[in-house]
Amino acid sequence: MRIGRYPVRWHIVLLTLWTAGWFVVAERHAAVSWHYLRQGEQLLFGQASGGGLALYANHPELQIGPVSFLVAGLFAPFPPDLGEKLADAFMSGVGLYMLVLVGRAAADHYLGTGVNHRRLQQRVLIAGAAFIPMWVEVSVRFAHLDDVLALFFTTLAVRALVRGNATAVGVFLALAVDSKPWAVGFLPLLLALPRPARLRSATWVVALVAVAWLPFYLTHLETLHAARFTIPNQPASSLRWFGVDDPATPWWDRPAQMALGMGLGALAVRRGRWPAVVFLAADARILLDPSVYTYYNASVLLGTLIWDSIGQRRLVPWVSWIALISLYGGALLVPSDSTRGLLRLAFCVGSAAYVLLWPQRAPRGTRGGRRSRREALRGSLVDQ
């Protein structure tokens, strides 16, 4: 099937229909948090008092990166209701494009290894079907443009990593952090680059993050207090199972989330399992977060999508569906707060142990899977 010169992939058609169905369901109670993006955009551009470079100093509750406010400004010229609908549609479309990007990254990663392309499409279809409900949750129901952009730029970084474009990896990871600070947990992807290109890519990350954030800190030192902003420690949080009964976010919690996510990601790269980096960082986030909002699970489902499509070769991507059933199904069907917290804890610990420790089968035509990775990243030195 073709539209003009361009082929239409049957699995993308099915996923588009699947997305449209979930969009219609979620749109009835949509854009729960869009007002934060609209408020931040108005503050950033000086349309409201106390904004500009004083934005984060005066509004520490806006834990959203400046890039997200810039993108939210694209919808500002429209009437508020229309702007919300357009933003919802835009973010839903971004999710579909991410599925295309992951599919292409998987095809490039397995190029020359004997992996059947049709089976790969089937894998993306099945994993994507689990990903879409959680994507609609973050993009339509909650309208968290910041999380959407952080995950989108990270997906672009994964695609660039497979293609061997080290500069693009650094740029996209920086934009992810500039959209939502918790995307710092995805930075171990840099370690999957060849050593000569790693430093240059990291330099791009540091430079672009500094350009986005330093003006706020240098002009208003009170911005430092924004990092101390706390949220309630909900009864269903996994933190309760660690004996943390503080009513709000413990002082050590955010640094521990980032350190755990980056540490697990670095370990995954060291073990030759870089496609698990996003998955492990997302695990660390929901494991130690005091809140249990369902849209948090979108980062986990992106991680399982990347892992099921690139990191393993089974036809049935069962990790994605276990994640959906455990995290989303548990939130909807399990009445006990304590039990939901235990489910989250068990999933995070079990899935991290699986992707890090379970024996992996190397693709045919490779030696321990290493040759295909070198071929996938070979162009990075040329790009530099």
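This passage looks at confidence in the model and then at two of its helices.

The structure is a predicted model, and the mean pLDDT of the protein is 90, with 92% of its residues at 70 or more. Confidence peaks in helix 8 (residues 166-179), at a mean of 98, and bottoms out in helix 16 (residues 379-383), at a mean of 37. The pLDDT is below 50 over residues 365-384, and this stretch has 37 contacts in the model beyond near neighbours in sequence.

Helix 8 is worth a closer look. Just ahead of it, glycine 164 sits in the loop between helix 7 (145-163) and helix 8. Buried means under 20% relative accessible area, so glycine 164, at 0%, counts as buried. Its C-alpha atom is separated by 27 Å from that of alanine 284, which lies 120 residues away along the chain. As for helix 8 itself, 10 of its 14 residues are buried, so the rest of the structure largely encloses it. Among them are Ala166, Val169, Leu173, Val177 and Asp178. At 1.5 Å a residue, helix 8 should span 20 Å, and its end C-alpha atoms are indeed 20 Å apart.

Helix 14 (residues 337-357) passes the length check too: its 21 residues should span 30 Å, and the C-alpha atoms at its ends are 30 Å apart. At its N-terminal end, serine 336 acts as a cap, with a side-chain oxygen 3.4 Å from the backbone nitrogen of serine 338. The buried residues of helix 14 include Arg340, Arg344, Phe347, Cys348 and Tyr354. Helix 10 (253-270), helix 11 (277-288), helix 12 (297-311) and helix 13 (318-333) are among the elements that cover the buried residues.

Terms used: Residues numbered from 1 in each chain as written. Predicted model: local features only at pLDDT ≥ 70, side-chain atom pairs only at ≥ 80, totals over all residues. Heavy atoms only, no water. pLDDT = per-residue confidence, 0-100. Helix = DSSP H or I, 4+ residues; strand = E, 2+ residues; numbered from the N terminus. Contact = heavy atoms within 4.5 Å. Buried < 20%, exposed > 50% of the residue type's maximum accessible area, 1.4 Å probe, protein only. Expected span 1.5 Å × (residues − 1). Polar contact = N/O pair within 3.5 Å; in protein donor to acceptor, adjacent residues only side chain to side chain.
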